[in-house]
Amino acid sequence: MNSASCAAKISTQPFSLNPTSLTSHDNPLVFPKPTSLFLGSTRKLRLSSSSKLNLHRRSGTVVAVSDVVKQKKSKSTPSLLITKEEGLELYEDMILGRAFEDMCAQMYYRGKMFGFVHLYNGQEAVSTGFIKLLKQQDSVVSTYRDHVHALSKGVPARAVMSELFGKTTGCCRGQGGSMHMFSREHNLLGGFAFIGEGIPVATGAAFTSKYKREILKEADCDHVTLAFFGDGTCNNGQFFECLNMAALWKLPIVFVVENNLWAIGMSHLRATSDPQIYKKGPAFGMPGIHVDGMDVLKVREVAKEAIGRARRGEGPTLVECETYRFRGHSLADPDELRDPAEKAYYAARDPITALKKYLIENSLASEADLKAIDKKIDEVVEDAVDFADESPVPSRSQLLENVFADPKGFGIGPDGRYRCEDPKFTEGTAHV
Amino acid sequence: MLGIVRQKMLEQSLKKIPPAVSVLRSYSSAAKQMTIRDALNSALDEEMSADSKVFLMGEEVGEYQGAYKITKGLLDKYGPERVLDTPITEAGFTGVAVGAAYYGVKPVVEFMTFNFSMQAIDHIINSAAKTNYMSSGQISVPIVFRGPNGAAAGVGAQHSQCYAAWYASCPGLKVLAPYSSEDARGLLKAAIRDPDPVVFLENELLYGESFPVSDEVLDSSFCLPIGKAKIERKGKDVTIAAYSKMVGYALKAAETLEKDGIDAEVINLRSIRPLDRSMINASVRKTNRLVTVEEAFPQHGVGAEICASIVEESFAYLDAPVERIAGADVPMPYAANLERMAVPQVEDIVRAAKRTCYRSVS
């Protein structure tokens with residue numbers, strides 16, 4: 001089965017494995033009139049262009065990933081998608097993301113945090129849905145909207161908050177900041193300010209995973225990489241270059257588009273000739289999927305399949321998650337261009353509320369359980385703030401550290417001698 | 001404040017590092033000759049053989065045997081997984097190489113010329129050079145970017161720019177510019193073994209030139225220190241500092257000057273960042289005159305940086321203003337006679353040296 005032909009099968013049914021229990025906004029008939037929503041200042045533009053395009057966008061035309069998933073669909077009984085433990089884990093992760101970002105906003109307005117801060121409110125389902133399926137050795141590459149990716153991947157809230165305050169106890173000792181979260185331990189490879197910059201880096205990490213398995217013979221190295229980026233990035237050349245190389249070399253990567261419809265003040269529809277991003281996958285020979293990014297369970301199902309594909313060595317996948325950011329692009333953005341009706345529409349689809357409803361309706365958790373989690377997370381976030389407040393700022397000597405991995409940058413080793421004189425540096429069996 | 005620190009460091013290092021006489025000069029009577037192309041090829045071959053984490057990536061490096069045949073034979077030896085022919089996607093494949101380097105494999109990225117690296121410069125600077133700092137030492141990037149730099153013959157404005165100054169202004173990068181085969185071998189091996197991003201600027205017109213190499217240079221563990229210049233010719237009247245092809249021109253100019261009784265000391269910079277300020281300053285303190293030579297555009301160039309370094313640290317020792325020779329401040333013209341006028345020639349170096357010695361210039 002070649003992925004190009006499978007990608008061409010467009011199913012008009014929404015990609016949902018359990019239509020009954022999830023807040024369903026996939027059904028085009030239920031969907032409110034598209035033209036009045038989600039377009040903000042482009043409303044006029046919308047009304048004049050073909051509504052056919054609109055319906056297409058909203059009807060959830062989806063490309064099936066593989067036969068395996070199609071089979072799953074037909075066999076699915078109205079059984080639950082998650083266990084209680086998984087449900088609570090997902091809930092806790094999303095609440096952590098939300099509470100943390102809200103606290104960031106507070107701290108910013110109190111002057112404790114500065115510079116560019118981009119908050120993730122509303123998009124938690126994408127981060128939680130994907131990253132909670134990864135192992136520690138899998139890697140995540142993100143953009144400047146990376147706080148919640150860091151938290152989901154396992155970087156402690158204390159370390160992230162300290163980094164944002166610019167303290168020496170931060171995950172990068174205060175040298176990176178909001179937009180440059182790195183963690184070697186948790187394999188979070190940044191944190192990039194330039195959009196599109198992280199995509200080739202993620203492709204490279206996936207390349208190394210394959211290289212390690214095939215050339216370095218590290219058996220069973222099946223590490224997967226996730227690249228998160230937005231709708232605006234999908235018009236950037238590097239995105240297409242990497243789709244090409246990832247498919248060409250069959251790299252274990254999943255390209256996750258967090259399509260929140262806005263790139264600062266530029267609506268996706270004003271910037272893109274064909275706004276259906278998932279269609280760009282099959283053009284390069286990989287499957288393209290569209291999923292409701294406000295629903296963590298749907299995201300999780302799609303993620304399972306995509307990550308599984310990558311782990312099995314079947315190559316990359318492009319996943320477009322339709323999501324929304326409740327706040328502005330950054331804390332400095334007045335957010336005047338977006339239509340309040342659009343914001344209200346997505347606020348009603350808050351992923352946390354939806355998961356809460358699912359858990360309670362399916363008796364996976366009680367109100368009390370969830371409230372306990374809320375309280376616990378509040379304490380974690382408060383503790384993170386206190387920790388960050390009390391942490392020291394970096395010392396003056398830290399300014400010149402870490403420019404090079406090589407301590408003096410002169411090819412001079414830690415013992416003060418030139419590295420090239422050190423026999424260990426120059427040893428190696430070269431059979432020419 | 002940092003200036004004072006640097007002054008102190010310079011004083012200390014001037015005391016520590018003796019006036020450099022390259023140890024290898026005593027071997028230079030060896031008969032073997034090696035072209036730069038062979039030097040680079042053998043260096044890559046040996047490093048790939050010694051460490052399976054080293055791999056090559058670039059346009060035409062594999063089946064075409066390298067756009068300038070530098071990577072000849074390596075595809076057959078190491079296979080297509082370690083010698084990767086890439087599509088024409090500089091930004092993409094450079095980023096891919098950087099991402100791979102985050103995980104400790106050691107890519108050697110070839111740019112067909114460094115002019116094309118401008119399409120990838122975001123990754124060289126922002127994801128490679130700055131990452132060790134931004135991640136506070138967690139993620140180092142052991143990558144080498146290599147390729148021909150500077151003017152070739154008749155290739156026009158978009159293929160002739162020298163990028164030494166651009167890359168050397170960025171902290172987090174090491175920038176190397178070899179001249180002879182010994183430089184090429186030693187510095188490339190050092191670059192590949194180095195845990196930091198290295199920009200390795202070769203010169204297309206030098207690829208075919210042969211230089212004498214000693215047995216020590218041919219040894220597979222031969223490495224040169226990064227950040228140390230070499231005195232190619234000892235002298236006492238004027239210091240001529242140059243890199244890459246201009247070192248050859250400077251040596252020829254020194255021969256001409258000798259006939260006029262001016263004994264020039266020629267320094268081969270080898271390393272543009274970190275710049276070997278202590279050696280240049282020590283040399284100028286001895287000769288009291290300086291001429292810097294580069295093929296690049298003059299403004300904000302390597303010569304300007306050297307001049308500033310001398311003025312800051314050895315001003316009292318200067319007997320004449322520093323002479324800075326650079327390429328003409330125009331995009332490289334195509335016509336052969338104009339091109340010749342746009343790059344420094346040996347006569348320009350001779351004239352500048354004479355000016356510093358207050359000899360009349362004919």
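Which residues are linked with A:Asp292 in a network of salt bridges? Keep that in mind while you get your bearings. The model on your screen is predicted, and this tour goes through chain A, then chain B.

**Stop 1: the network in chain A**

Select A:Asp292, A:Asp295, A:Lys298, A:Glu322 and A:Arg349, and show their side chains. There is your answer: A:Asp295, A:Lys298, A:Glu322 and A:Arg349 are linked with A:Asp292 in a network of salt bridges. A search of the whole structure finds 49 salt bridges over all chains, so you will only visit a few here.

**Stop 2: the domains of chain A**

Now colour residues 84-390 of chain A, which make up domain 1, and give residues 395-431, domain 2, another colour. Taken over C-alpha atoms, the centres of these two domains of chain A are separated by 36 Å.

**Stop 3: a salt bridge between two helices**

Go to A:Lys84 and A:Asp369. The two form a salt bridge, with 3.8 Å between the closest N and O atoms. A:Lys84 lies in helix H5 (residues 84-109) of chain A and A:Asp369 in helix H16 (residues 367-390) of chain A, so this pair ties together parts that are 285 residues apart in sequence. Are these residues buried, partly exposed or exposed? A:Lys84 counts as partly exposed, at 37% relative accessibility. A:Asp369 is partly exposed too, with a relative accessible area of 27%.

**Stop 4: the domains of chain B**

Move over to chain B and colour domain 1 (32-218) and domain 2 (230-357). Their centres, taken over C-alpha atoms, are 26 Å apart. The contact between them takes 30 residues from domain 1 of chain B and 25 residues from domain 2 of chain B.

Next, select residues 34-209 of chain B. UniProt, in an unreviewed entry, places the feature "domain: Transketolase-like pyrimidine-binding" here. Over this stretch the chain is 36% helix and 16% strand. Find the C-alpha atoms at the two ends of the stretch: they are 8 Å apart.

**Stop 5: a sheet of strands**

Switch to a cartoon view of chain B and look for an open sheet of 7 strands. Their order is S3-S2-S4-S5-S7-S6-S12, and the pairing is mixed. Which strands stand at the edges? They are strand S3 (83-85) and strand S12 (271-273) of chain B; each has a single partner strand, so one side of each is left without a neighbour in the sheet. Neighbouring strands of this sheet are turned by 20° against each other on average, direction ignored.

Zoom in on strand S6 (residues 174-176) and strand S7 (residues 198-202) of chain B, which pair in the parallel sense over 3 bridges. Label B:Leu176 and look across to S7(B), where its bridge partner is B:Phe200.

**Stop 6: two salt bridges in chain B**

Select B:Lys230 and B:Glu232. Their side chains meet in a salt bridge of 3.9 Å, N to O. Both B:Lys230 and B:Glu232 are buried.

Finish with B:Lys286 and B:Glu265, which form a salt bridge with the closest N and O atoms 2.7 Å apart. This pair links distant parts of the chain, 21 residues apart: B:Lys286 is in helix H11 (residues 277-287) of chain B, and B:Glu265 is in strand S11 (residues 264-268) of chain B. Turn on a surface here: B:Lys286 is partly exposed, with a relative accessible area of 38%, whereas B:Glu265 is buried, at 1%.

Conventions
Residues are numbered from 1 along each chain as its sequence is written. Chains are lettered from A and ligands numbered from 1 in the order in which they are written. This is a predicted model: local features need pLDDT of at least 70, side-chain atom pairs count only at pLDDT 80 or more; totals for chains, interfaces and linings use all residues. Side-chain values use heavy atoms; hydrogens and water are left out. UniProt positions are given in the numbering used here, feature names are shortened, and annotations may be inferred rather than shown by experiment. Helices (H or I, at least four residues) and strands (E, at least two) are DSSP runs, numbered from the N terminus. Domain bounds come from an automatic or database domain assignment. A salt bridge is a side-chain nitrogen of Lys or Arg within 4 Å of a carboxyl oxygen of Asp or Glu. Buried means under 20% relative accessible area, exposed over 50%, partly exposed in between (1.4 Å probe, protein chains only). Two strands pair if DSSP finds at least two bridges between them. Axes are lines fitted to C-alpha atoms, for helices over the stretch in contact, and angles run from 0 to 180 degrees between N-to-C directions. Contact means heavy atoms within 4.5 Å.
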